[in-house]
Every structure is written in structure tokens, then in C-alpha cells.
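Biologist: Could you walk me through this one slowly, please? I am still learning how to read a structure.

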Amino acid sequence: MKDCNEQVKGFERAAVRMSKDDRADIFGKAKINRDRLRNGLDRNGSPKAIGSRTQGSYAMKTMIQHDRNDYDVDDGVYFKRDKLKDDQGQDKSPVDARKMVSDALQDKRFTDQPEARNNCVRVYYKSEGYHVDVPVYRENRTTDPFTGAEKKSFEIAASDKWRQSDPLANTQWFKDANDSKSPDASADGNDGQFVRIVRMVKAFARSRWTWTNEIASGFTISKLCCDNFSRDDGRDDRSFRQTLKGISLQLALNIAVRHPVLNENLAEPGDAKTTFLKEKIDDNLKHLEVLDRLDCTHDDAMKAWDAMFYTDWFSKQPDPSKKSKIEKASGPAVIKQGESRYAKERRHA
């Protein structure tokens, strides 16, 4: 396979991975929102939260750039179960718990006020191009009758039911996977071949606007990548391609995808969105077949990767074989277009 590792890693850095500044900006909004929530709960005489935690793709470091800046940042809020009671002393319903949090987040400075949705409370930052979702959790504590040890478990206010959920365990699962699978994992979890490949597969899945509502979720994609990750030291291009082939093979045998932490499925047998993901992987892996030809040129390879990600980024990359001796000595000549959420180099269907 033609070596395109330099360009593929450059694409991940420049057009896929979120910059540290953008991550800091988003976390800053989440912190301000936490202060607003805490003050609003006090104002309304509601129970105090025991804490808030970023979760999902932000916490797992797999959040990717988005051309429309349509970011979904999860910042869960946690309460003790014995504090979430209604006027009759019964457990507060999931609907009422979300409404309590929504009421606390109301602020006249918002153009669009926070709203209680099916599984969270959404806070809009339309001028910034993204929103913060605040899922509501309750903490359960039980005591083991034999050992006396106390155990914590968590439930999310999902629709009209309290459903078992442990987003902190999800984050730890992913960090452990990056540490164990990556030959070059960083201590903060923001780098390593595994997390780079997950970002790349997510970028592929989000590369066409028309796929947005049809394709598998980012967390499902992360689990499929974990199940099928193909480590290839020094070759992210081969690792990406082989990981996609593994995902396709797994889904050919069984469309269902197991949750990495809970005893449940992320996707059930026959799931339409996971089926759609497999179809798009199979359709677009064909673009990369030219890389196996002995006469594959740099231009051929760059066009293939452009087709894979529906972009023109790769075709703008210089041919390494044509660099001068001085350029070769100075390192990779990868054109960086943005390295922030404001990069606009992708095309759209």
C-alpha cells in the first residue's frame, strides 16, 4: 500500500482534531454554565448538585472539527437520589428532574432559553455555533450485605424513565483502550494511534451532511473501532484502512453492537444507522484500492483520500518525492488549513 502516513496524520491534525484553544473555549462555556446552574438551583430552592462532569466525545478527546461549528458538548449534572424528591416525598420523575434543571438555567441574556429535551437540558450558544447538553443523573448508594462495602451507581433521567448509565466509566474505558492499544499514547489521552483513528473514522462518518441523521452515533463508532482496531506502528494510513475493513467484517456478521460498560446493546440487530455505516464504509473503501497499485502516483493517492473524506485537502499536499534536499531536511511539508473549528476545507454533498 502506498505510504500516505505523512498526509493522513497531517489531515488528522489540521482538519479533524480540535485545537487546544477550541477545547478550552468550549470548556469555559461549560464552566460558566455550571455557575449559572448552581446559582439557579439556589434561587429556586432546589436540591444542590453534588457535581458536574464533562463526558462523551469531549471527555474522551474524540470531538472533531465541524464546518458549521455545530458542537454537542455533554456536561452532566449529578444529584443524590434522596434529595430528588417531590412534594409527597416520592422520587422525582425524570421529566420533573429535567424541568428543575431547565428552570435553574433560565437567563434573560440568552436569545433562546435553555429547554428540557427528551434526555437532557439543552443550552444554546448560537452565536458561537454550538450547544451544551446537560444530562441529569441521580446517584444511588447501596451496601453489600456481606462485606458492608458501599457501592455507587448512577441513573440518567432519560425520557420518562430513570435508566442505568455511567458516563464516567465510559470515559475511563476509552482512556484505558487508548493507553493499551496505542504505541504512542499521551498521558492526557489527546494523542495516540487509537484515538487518532477513532477521530478519523468519526470524521469519515460526518464527512457528508446528508449522512448526519442516517449514520451510527459517535459512541457506537468508538466501540466498533475498539473492537477492530488494527495497530500499525508508524502507519496511521494503513491502520485506518484496516480498522474500517474490520468494522465492515464485524457488521457483516452481526449488526448489533454491545455497550463497553453496561450490559446492553448500543445498536440492536437490524439497526438502520449501523447498517448505513457499513454500507458507506464498503462504498468508500473502494476509493483506496488504487493505493495497492505499484504504479500509484502521489496525485492518484491524494485523489483517493479526498474521495474517501469528501474533501480537497489532500490534493493540496505537495509530492514528497519532489521536495528539495533542504525541504526534506526540515520535515513534513503538510499544508495546515486552520487547525481549529473554523477550518472550511471540506466539500459537502
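Modeller: What follows is a short talk about aromatic rings, a charge over a ring and a residue in a helix, all in a predicted model.

Biologist: How many aromatic pairs does the structure hold?

Modeller: The structure holds 19 aromatic pairs. In one of them, the ring centres of Phe11 and Phe314 are 4.8 Å apart and the planes are at 40 degrees, so this pair is tilted.

Biologist: Why is the pair called tilted, and not stacked or edge-to-face?

Modeller: Planes under 30 degrees apart would count as stacked and planes over 60 as edge-to-face, so the 40 degrees between Phe11 and Phe314 makes the pair tilted.

Biologist: And where do Phe11 and Phe314 lie?

Modeller: Phe11 lies in helix 1, which covers residues 5-16, while Phe314 lies in the loop between helix 10 (298-309) and helix 11 (325-330), so the pair ties together parts that are 303 residues apart in sequence.

Biologist: Is Phe11 buried or exposed? What about Phe314, buried or exposed?

Modeller: Phe11 is buried, at 0% relative accessibility, and Phe314 is buried with a relative accessible area of 0%.

Biologist: Which residues form an aromatic cluster?

Modeller: One aromatic cluster is formed by Phe11, Phe240, Trp305, Phe309, Trp313 and Phe314.

Biologist: New topic: what sits over the ring of Tyr58?

Modeller: That is the charged end of Arg23, which sits 4.0 Å from the centre of the Tyr58 ring.

Biologist: Back to helix 1, what is Asn5 in contact with?

Modeller: Asn5, which has its place in helix 1, counts as buried at 12% relative accessibility. Leaving aside neighbours within four places in sequence, Asn5 is in contact with Gly234, Arg235, Asp236 and Asp237.

Note on methods:
Residues numbered from 1 in each chain as written. Predicted model: local features only at pLDDT ≥ 70, side-chain atom pairs only at ≥ 80, totals over all residues. Heavy atoms only, no water. Phe/Tyr/Trp six-rings, centres within 6.5 Å; stacked < 30°, edge-to-face > 60°. Helix = DSSP H or I, 4+ residues; strand = E, 2+ residues; numbered from the N terminus. Buried < 20%, exposed > 50% of the residue type's maximum accessible area, 1.4 Å probe, protein only. Lys NZ or Arg CZ within 6 Å of the ring centre and 35° of its normal. Contact = heavy atoms within 4.5 Å.
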